[in-house]
Amino acid sequence: MARGTATPLMHERLRPITLATMPGSVKRRLAAAGCCLALVTSVAARAEPPPKALDYAKAQQFMLSLINRDRAKAGLPKVVLDQPASKAGIRHARDMAANGYTGHVGSDGSVPEQRYTEGGGVHFVQENSACLFDTTERKLDDEPRFDPAKLSALHKMFMDEKPPMDGHRRNILNPLHNRVGIGLAKPVDVEQPCLTQEFVDKYGDFEPLPREAKPGSKLRTAGTIEKPLVFGGVGIGRTALPRAIPRERLKGGVYRIPEPDTMYFPPGFKTPKPVKVEGQRFSIDLVLGKSAGIYAISIWAKKPGSEPLFMISMRTVTVR
């Protein structure tokens, strides 16, 4: 970012991601912050799971091994399992399985960064998801067991995508990711699993933010950026409060990570208010808007000697 400019250079990760064309006879393009893939396979009921079915914890570890196998092939470091992201992931996987859809916007109107924040996450998340696509209401299996072959097939569909419609694959192979949440769910008597992969970029420690606040409240945003990254800026943006979505309308669609309405930079840059920076530490007191909504507070960093900024944290605050 050149000194004196008002707007940071946005990192490539914020551009809309085009997803792969659907396999088989149904083809859909979705743009997303993460990625989603609807399964159009048969959901014929089965009385018993396959004999080698995995319990939830083993299924999580199996999916983690598939992710890290493919990252290793690409020369990338492993990701480790992230509990807040996994909590957000299972919430969304169960919602998709219960309502027969695939997407990033939940039946309650929630979006990935909101679910991640509400699950206790404080960093930056990008979601892959795969489930059903018939918007049929189903009872969930509360003690699911998962066929490893079907889990492998889901992951393989992500990895088999071809540029430029390879959003899932690029998310899995993003070199900045260092953690992942894995969410799994399955309806009763349906052996098709539903999956979320919640990739996380952890590059700092941040002071907590309130989950809810009143309009016009003051909000302290502060933390420490991990070396070798350096602080870039703080952003704030508002979207409308979420609303429940009728099940028949839960058929994927377009979702993009919200860009900030306002960015705040350190002294020496054109900024509405300077962010205090001392070494790796930063802090700023923000004032929330007067309108109700979901306020996304983002923290941006950059590599030393590099201009583009990229997001390393996005948390949401519900204002009403």
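**Close-up views of a predicted model**

**Figure 1. The whole chain, before zooming in.** Five helices and 16 strands make up the secondary structure of this protein. Keep in mind that the model is predicted. Of the 320 residues in the protein, 54% are buried. As for how the chain meets itself, take the contacts between residues at least 6 apart in sequence: 75% of them join residues at least 24 apart.

**Figure 2. The largest nonpolar core, with 25 residues.** Which members touch the most other members? They are Ile-225, Phe-282, Leu-288, Ile-312 and Val-317. The strands β10 (218–225), β11 (230–239), β14 (281–287), β15 (293–302) and β16 (310–319) each put at least two residues into this core. There is also a second, separate core of 22 residues, with Met-159, Leu-173, Ile-182 and Leu-195 among its members. As background, nonpolar side chains in soluble globular proteins tend to be buried together.

**Figure 3. Ile-312 and the residues it touches.** Leave out anything up to four places away in sequence, and Ile-312 still touches His-123, Phe-124, Asp-201, Tyr-203, Phe-206, Ile-225, Leu-229, Ile-299 and Ala-301. One of these, Ile-225, also appears with Ile-312 in the list of core residues that touch the most other members.

**Figure 4. Helix α2, residues 83–99.** This 17-residue helix runs 24 Å from its first C-alpha to its last, close to the 24 Å expected at 1.5 Å a residue. What caps its N-terminal end? Asp-82 does the job, with a side-chain oxygen 2.8 Å from the backbone nitrogen of Ala-85. After the helix comes Gly-100, and its phi is positive, near 65°.

**Figure 5. The buried residues of α2 and what they pack against.** Buried residues in this helix include Ala-85, Ser-86, Ala-88, Gly-89 and His-92. Further along, Ala-93, Asp-95, Met-96, Ala-97, Ala-98 and Asn-99 are buried too. The packing partners of the buried residues include the helices α1 (56–73) and α3 (112–118). On the strand side, they pack against β4 (80–81), β5 (124–131), β6 (179–185) and β7 (194–201).

**Figure 6. Phe-231 and Phe-282, a stacked pair.** The count of aromatic pairs comes to four. In this one, the rings sit 4.8 Å apart centre to centre, with 20° between the planes. Phe-231 belongs to strand β11 and Phe-282 to strand β14, so the pair ties together parts that are 51 residues apart in sequence. Both Phe-231 and Phe-282 are buried. Add Phe-206 and you have one aromatic cluster of Phe-206, Phe-231 and Phe-282.

**Figure 7. Phe-265 and Phe-269, a tilted pair.** Here the centres are 6.3 Å apart and the planes make an angle of 50°. Phe-265 counts as buried because its relative accessibility is 0%. Phe-269 has a relative accessible area of 14%, so it is buried as well.

**Figure 8. Lys-186 over the ring of Phe-146.** The charged end of Lys-186 sits 5.8 Å from the centre of that ring.

**Figure 9. Asp-166 in the loop between α4 and α5.** Is Asp-166 buried or exposed? With a relative accessible area of 4%, Asp-166 is buried. The flanking helices are α4 (148–159) and α5 (167–172). The side chain of Asp-166 makes a polar contact of 2.9 Å with the side chain of Arg-170.

Definitions and conventions:
Residues are numbered from 1 along each chain as its sequence is written. This is a predicted model: local features need pLDDT of at least 70, side-chain atom pairs count only at pLDDT 80 or more; totals for chains, interfaces and linings use all residues. Side-chain values use heavy atoms; hydrogens and water are left out. A nonpolar core is a set of buried Ala, Val, Leu, Ile, Met, Phe, Trp, Tyr and Cys residues joined through side-chain atoms within 4.5 Å. Buried means under 20% relative accessible area, exposed over 50%, partly exposed in between (1.4 Å probe, protein chains only). Helices (H or I, at least four residues) and strands (E, at least two) are DSSP runs, numbered from the N terminus. Contact means heavy atoms within 4.5 Å. The expected span of a helix is 1.5 Å times one less than its number of residues. A polar contact is a pair of N or O atoms within 3.5 Å; within protein, one must be able to donate a hydrogen and the other to accept it, and residues adjacent in sequence count only if both atoms are side-chain atoms. Rings of Phe, Tyr and Trp (its six-membered ring) pair if their centres lie within 6.5 Å; planes under 30 degrees apart count as stacked, over 60 as edge-to-face and the rest as tilted. A charge sits over a ring if NZ of Lys or CZ of Arg is within 6 Å of the ring centre and within 35 degrees of the ring normal.
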